[in-house]
Amino acid sequence: MSMPAFKRLNRRAVEEEYMDDFSTGGDELLEALRHLRRLNRIFGASSPSLYGFKRLWRQFGRPDRVSVLDIGAGSGDVNRRILRWAARNGVDVRITLVDITEEACEEARNLYQGVSNITVRRCDLFDLPEGSADIVMSSQFLHHFDDVRLPEVVGQMLKASRLGVVISDTTVIYGMMGPCR
């Protein structure tokens, strides 16, 4: 007997998504990234990220300059609100969008073409050096990892940050302070 759909919402899905299969890609992945941008707009995916960013920014004395590393960034569209907020508030924000797929990096480069404070980098989270950025963020990324791998991923994000981590995902929004250095 199958469980009603609403009762399944209280536990974490473990099935792989299309985005988890790195053997596929190309035009299909580019199309999926475009659909994700639309969904991010509809569901306001940038709001929790901006909230967490501003909270850490205030917590660390409202610095004039902040570096951000967005892990699993996809096309990086959720960062547009951070950039607008920073411009309005006179904060020099430099954002590096990191993704493991070339398709996502290509979409991000197209989306932010000519934006000087955005850098796109194709790499694996585990290849990032300690203290890579002031704030490390991820939006709709951590649900791709199972319960065994998740602590390792979050631990690596904390290592890569100097000030803290902002995590926004389908069921979770966190702001974490990194280790004091």
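**Warm-up.** Which residue follows α4, and what is the sign of its phi? Gly90 comes right after α4, and its phi is positive, near 65°.

Before going on: this is a predicted model, where local features need pLDDT of at least 70, side-chain atom pairs count only at pLDDT 80 or more, and totals for chains, interfaces and linings use all residues. Residues are numbered from 1 along each chain as its sequence is written, and side-chain values use heavy atoms, with hydrogens and water left out.

**Exercise 1.** Work out which residues of helix α4 (residues 80–89) are buried, and where they sit around the helix.

*Solution.*
- Start with the terms: buried means under 20% relative accessible area, exposed over 50%, partly exposed in between (1.4 Å probe, protein chains only). Helices (H or I, at least four residues) and strands (E, at least two) are DSSP runs, numbered from the N terminus.
- Now pick out the buried ones: Ile82, Leu83, Trp85 and Ala86.
- Look down the axis of α4: these buried residues fall within an arc of 165°, so they line one face of the helix. The arc is taken from the directions from the helix axis to the C-beta atoms.
- Flip to the other side of α4, and you'll find Ala87 and Arg88 exposed.

**Exercise 2.** Place strand β4 (residues 133–139) among its partners.

*Solution.*
- Check the cover: seven of the seven residues in β4 are buried.
- Strands pair if DSSP finds at least two bridges between them.
- Take β1 (residues 65–71): it runs parallel to β4, with four bridges joining the two. Here Leu69 stands opposite Val136 of β4.
- Then take β5 (residues 161–168): six bridges join it to β4, again in parallel. Ser138 has Ile167 in β5 as its bridge partner.

**Exercise 3.** Find the residues with the most contacts inside the largest nonpolar core.

*Solution.*
- A nonpolar core is a set of buried Ala, Val, Leu, Ile, Met, Phe, Trp, Tyr and Cys residues joined through side-chain atoms within 4.5 Å.
- The largest one has 23 residues, and Phe53, Val68, Val93, Ile95, Leu97 and Ile135 have the most contacts inside it.
- Elements giving two or more residues to this core include β1, α4 and β4.
- A separate core of 15 residues includes Leu128 and Ile167.

**Exercise 4.** Why is there no bond between the sulfurs of Cys105 and Cys123?

*Solution.*
- A disulfide needs a pair of cysteine sulfur atoms within 2.5 Å.
- The sulfur of Cys105 is 8.6 Å from the closest cysteine sulfur, in Cys123, so that's too far for a bond.
- The disulfide count by this rule is zero.
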